[in-house]
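Here are my notes on the model you sent over, point by point. Have the structure open while you read.

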Amino acid sequence: LQAFGQSNPLPVLQIVLPVGISFYTFQSLSYTIDVYRGHLKPVRNFFDFALYVSFFPQLVAGPIERATHLVPQVITRRTFSWNDFEEGLLLTMRGFLKKVVIADNVALIANKVFALETAEFWLLWTGVLAFTIQIYADFSGYTDIARGTARFFGFRLMRNFNQPYSASSIQDFWKRWHISLSTWFRDYLYLPLGGSRLGRLRSYLNIFIVFFLSGLWHGASWNFILWGCFHGTLVVLEKIISLKPSKLFQSSLTKPLRILTTFILVNIGWMMFREADLENLIRNFTLSPLGNSVEQLHAAGYFFTLICIFSIPLFAEAIMSGLAERGSPFAKFLRELFTAKLGIVVFYAFSIFALFADSPSNFIYFQF
């Protein structure tokens, strides 16, 4: 109303939202819809249902569990397992390493750069890169901690990330990033809207609606909506291009280029996600890579070096995952080499205590 020159007589309700409201709402919807569709029998014990909805390891920031996956684990008798405890300990320590060693340290760089009013091209995009690493290490770290803590009690939560920055397309990225959310939107929104069954144009519209609402889910702010629309547009464009696929484009020789292109596009999206001020967002896209000051070039180079150093564990994890997927003998050798799980825990603990950030920050997805 104020934008149109009118006063706003309505009082603004200062309500503190319940913890984890968006996540347990999605889980409750999953239960309701799956029971309605006949995929799951109704739970007769209220406490079993309550445990499913409010399971504490993943209540605040996911992963968003399906009723068909978690409810059977709730109603099944569980016994203590040393193997589950060991796996849970490894997952939890890995999550803490990602959070307090990687995410919190590169967050200092991202926050410093985005706080500047006169950040030039190279320094700005170094800050964007820092945020790109931060949000992945932060969110996947939380997921590892949640999955590890759940494993202590005999529960197996779904995998929420699968090396998303190794994706060779935006569609591939969304099969690897926040898997529990993207598959939730696919099964409970995209398919009920008609999916791809109602023709090509309707399919494109459904995809765009899903990504628009995905952006809105992150917050009622224009930058989140732009971020969702940006990814929705890219996915639709990829769908159109794939109608006449090029053999050269799909060749293994061009895969590194496709991965790099996807990573750059994802970084552009994260810049929209991070910058809430629309004026600053527009300004950021108008910056020139030429004529940057020497001071900011030096700062960008220094920050970029730090980002690469803190990202080494993520690079190693991605390489190991790639080798394991290909059944590499080297990956098998490394797994056998690190069968002493206690040694890995000691390494994680040493890294955490030696390299944790001086200014720890909250998990990014706590705000959603």
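**Notes on the model**

1. Let me start with helix 8, or rather with what follows it. Gly 219 sits just after helix 8 and has a positive phi of about 160°. Bear in mind for this and everything below that the model is predicted.

2. Helix 8 itself covers residues 200-218. Does its length hold up, or is it off? With 19 residues at 1.5 Å a residue, helix 8 should span 27 Å, and its end C-alpha atoms are 28 Å apart, so the two agree.

3. Which residues of helix 8 are buried? The list is Ser 203, Tyr 204, Asn 206, Ile 207, Val 210, Phe 211, Ser 214, Gly 215, Trp 217 and His 218. A reminder on helix geometry: with 3.6 residues a turn in an α-helix, residues three or four places apart point the same way. As for what the buried residues of helix 8 pack against, the partners are helix 1 (21-37), helix 6 (170-176), helix 7 (179-190), helix 9 (222-241) and helix 10 (255-274).

4. Phe 211 is a good residue to click on in helix 8. Its relative accessibility is 12%, so Phe 211 counts as buried, the cut-off being under 20%. Leaving aside neighbours within four places in sequence, Phe 211 is in contact with Trp 174, Gly 228, Cys 229, His 231, Gly 232 and Val 235. For Gly 228, the C-alpha atoms of the pair are separated by 4.9 Å, with the two positions 17 residues apart along the chain counted as their separation.

5. Cys 229, one of those contacts of Phe 211, is buried because its relative accessibility is 18%. Cys 308, at 29%, counts as partly exposed. How many disulfides does the structure hold? The count is 0.

6. Two residues other than glycine deserve a look for their backbone. Gln 163 is not a glycine, yet has a positive phi of about 50°. You'll find Gln 163 in the loop between helix 5 (121-152) and helix 6, and with a relative accessible area of 9% it is buried. His 178 also has a positive phi, near 40°. His 178 lies in the loop between helix 6 and helix 7 and is buried, with a relative accessibility of 0%.

7. Now for empty space. Rolling a probe the size of a water molecule over the atoms shows where empty space is left. Here that gives 1 cavity of 30 Å³ or more, and the largest cavity has a volume of about 30 Å³. What lines the largest cavity? The lining residues are Pro 164, Tyr 165, Ala 167, Phe 173, Ile 259, Thr 262, Phe 263 and Val 266. Helix 10 gives the most to this lining, with 4 residues. By type, the lining divides into 7 nonpolar, 1 polar and no charged residues.

8. Leu 40 is worth a stop too. Leu 40 lies in the loop between helix 1 and helix 2 (46-53), and is buried, with a relative accessible area of 14%. Not counting residues up to four places away in sequence, Leu 40 touches Tyr 31, Asp 34, Val 35, Ala 67, Thr 68 and Val 71. Leu 40 and Val 71 are 31 residues apart along the chain, and their C-alpha atoms are separated by 9.0 Å.

9. Seen from the other side of that contact, Thr 68 belongs to helix 3 (residues 67-75). Is Thr 68 buried or exposed? Its relative accessible area is 37%, so Thr 68 is partly exposed. Thr 68 touches Asp 34, His 39 and Leu 40, again not counting residues up to four places away in sequence. From Thr 68 to Val 35 the C-alpha to C-alpha distance is 9.2 Å, for a pair 33 residues apart in sequence.

10. Last, the overall picture. The secondary structure of the protein comes to 15 helices and 0 strands. Of its 368 residues, 47% count as buried. Among contacts with a separation of 6 or more, residues 24 or more positions apart account for 74%.

How values were computed: Residues numbered from 1 in each chain as written. Predicted model: local features only at pLDDT ≥ 70, side-chain atom pairs only at ≥ 80, totals over all residues. Heavy atoms only, no water. Disulfide = S-S within 2.5 Å. Buried < 20%, exposed > 50% of the residue type's maximum accessible area, 1.4 Å probe, protein only. Expected span 1.5 Å × (residues − 1). Contact = heavy atoms within 4.5 Å. 1 Å grid on protein atoms, 1.4 Å probe; cavity = no way out; pocket = protein on both sides within 12 Å on 5 of 7 lines; lining within 4 Å. Points joined across faces, edges and corners; volume = space filled by probe spheres on them. Nonpolar A, V, L, I, M, F, W, Y, C, P; charged D, E, K, R; others polar.
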